[in-house]
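Reader: Could you walk me through this model and show me how each label is earned?

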Amino acid sequence: MKRQQILEAAYTIFSRKGYHRATVDEIIALADTGKGTVYKYFVNKEQLFYTLIKERSANFEAELKEIAALTEPALNKVKKAIKIFLEFYVANADLWRVLMHEMRGLGHEEPSNFTEAQREKYRERFVHTIGILQAILQEGIEQGTIRNCDIHKAAHGLFSVIVMMVFQGFVDDSSESIDTAANGITDIFLYGVATLKK
C-alpha cells in the first residue's frame, strides 16, 4: 500500500517537474509518508524513477508480446501494436517525455542527468520494446505482405511517428481518438500517402 502510494506520488512529481528538478522530499510530502519508508523500498531517486518506468510499462510490454505471438497476419498485428503503443503513450505521456529528455532522444551522446550506465539500462528497455515491432515486421516480410526493408529503421520510424502524434497532442485519451489515430498511422505506414506508383 505505502509502496504504491510512493510510486503514485513519484509519477506526479516526476511528470510535473522532470527528473532533475524533482526531489525525494517532494515525493515524500505528496505520498504523506516518512523518509525512512521511502528508503525502505527505494535506494535513491534514480532507483525510484527506474522502478516507476519498469512497473508502468509492464502491462504494455506483456500486451505487445501477446500481439506478436498471435497466429494471424502480420499486417493485423501491426495495427494492434500501434493501438497498444498509442494507448500506453497517451496514458503516460508526461512521464515518458521526462524519460526521453533524460535519454536525449534515446541514444544521442549529449549530457544527461543520468550516468552512461543508467542511460544504458533505460536504452535496453527501449531496444527490447522496439525489437517486438521489428519481429512483427520481419514476420510480414516472411509472409510476403511487407516488402523487404531495413526493419530496424522501419520500427524506429514507426515508433517515432506514434510518439510524436501523442506528444504533439494529435491524440487524446478517448477510445475514438486512439482508434482513429491507429487507423491513420497504420494506413500511412503500410500504404503511404502517394496516389501514383513511381
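Author: Gladly; what follows is a set of questions on labels, each answered by setting a value against its cut-off.

Reader: What kind of model is it, and what is the confidence like?

Author: This is a predicted model. The protein averages a pLDDT of 89, and 93% of the residues score at least 70. Among its elements, helix 5 (residues 74–91) has the highest mean pLDDT, 95, and helix 6 (residues 93–107) the lowest, 72. Please take care over residues 105–110, where pLDDT stays under 50; the model has 13 contacts beyond four places in sequence for them.

Reader: How many helices and strands does the protein have?

Author: There are 9 helices and 0 strands, and the pattern along the sequence reads α-α-α-α-α-α-α-α-α. The C-alpha trace spans about 65 × 35 × 30 Å along its principal axes. Of the contacts between residues at least 6 apart in sequence, 64% join residues at least 24 apart.

Reader: Why is the pair of Tyr41 and Phe42 called tilted?

Author: The structure holds 16 aromatic pairs, and Tyr41 with Phe42 is one of them, at 6.3 Å centre to centre and 50 degrees between the planes. Rings pair if their centres lie within 6.5 Å, and planes under 30 degrees apart would be stacked while planes over 60 would be edge-to-face. The 50 degrees of Tyr41 and Phe42 fall under neither heading, so the pair is tilted.

Reader: And what makes Phe42 buried?

Author: Phe42 has 2% relative accessibility, and buried means under 20%, so the label follows. Tyr41, at 30%, counts as partly exposed, because that class covers values between the buried limit of 20% and the exposed limit of 50%.

Reader: Why is the pair of Tyr50 and Tyr122 called edge-to-face?

Author: The Tyr50 and Tyr122 rings lie 5.2 Å apart centre to centre, with 80 degrees between their planes. Planes over 60 degrees apart count as edge-to-face, so 80 degrees earns the name. The pair links distant parts of the chain: Tyr50 belongs to helix 4 (residues 45–69) and Tyr122 to helix 7 (residues 116–143), 72 residues apart. Tyr50 is buried at 16% relative accessible area, and Tyr122 is buried at 3%.

Reader: What makes Lys121 count as lying over the face of Tyr50?

Author: Lys121 is 4.4 Å from the ring centre of Tyr50 and lies over its face. The distance limit is 6 Å, and the charge must also be within 35 degrees of the ring normal. Arg56 likewise lies over the face of Tyr11, at 3.7 Å from the ring centre.

Reader: How do you know that Lys121 forms a salt bridge with Glu46?

Author: Their closest N and O atoms are 3.2 Å apart, and the cut-off is 4 Å, so Lys121 and Glu46 qualify. This pair too links distant parts of the chain, with Lys121 in helix 7 and Glu46 in helix 4, 75 residues apart. Lys121 is partly exposed at 27% relative accessibility, whereas Glu46 is buried at 7%.

Reader: Which other pairs pass that salt-bridge test?

Author: The count comes to 10 salt bridges. Among them is Glu26 with Lys17, the closest N and O atoms being 2.6 Å apart. Glu26 is partly exposed at 24%, and Lys17 is partly exposed at 28%. Another of them joins Glu72 to Lys80, at 3.1 Å between the closest N and O atoms; Lys80 is partly exposed at 37% relative accessible area.

Reader: Why is Thr129 called buried, and what is it in contact with?

Author: Thr129 has 7% relative accessibility, which is under the 20% limit, so Thr129 counts as buried. Thr129 is found in helix 7. Leaving aside neighbours within four places in sequence, Thr129 is in contact with Phe60, Glu61, Leu64 and Phe85. Phe60 and Phe85 also belong to a cluster linked by ring pairs, together with Phe88, Tyr89, Trp96, Phe126 and Phe159.

Reader: How much of the protein is buried, and what is its accessible surface?

Author: Buried residues make up 43% of the 198 residues. The accessible surface comes to about 11,000 Å², and 54% of it belongs to carbon and sulfur atoms.

How values were computed. Residues numbered from 1 in each chain as written. Predicted model: local features only at pLDDT ≥ 70, side-chain atom pairs only at ≥ 80, totals over all residues. Heavy atoms only, no water. Phe/Tyr/Trp six-rings, centres within 6.5 Å; stacked < 30°, edge-to-face > 60°. Buried < 20%, exposed > 50% of the residue type's maximum accessible area, 1.4 Å probe, protein only. Helix = DSSP H or I, 4+ residues; strand = E, 2+ residues; numbered from the N terminus. Salt bridge = Lys/Arg side-chain N within 4 Å of Asp/Glu carboxyl O. Contact = heavy atoms within 4.5 Å. Areas by Shrake-Rupley, 256 points an atom, 1.4 Å probe, with all protein chains shown as cover. pLDDT = per-residue confidence, 0-100.
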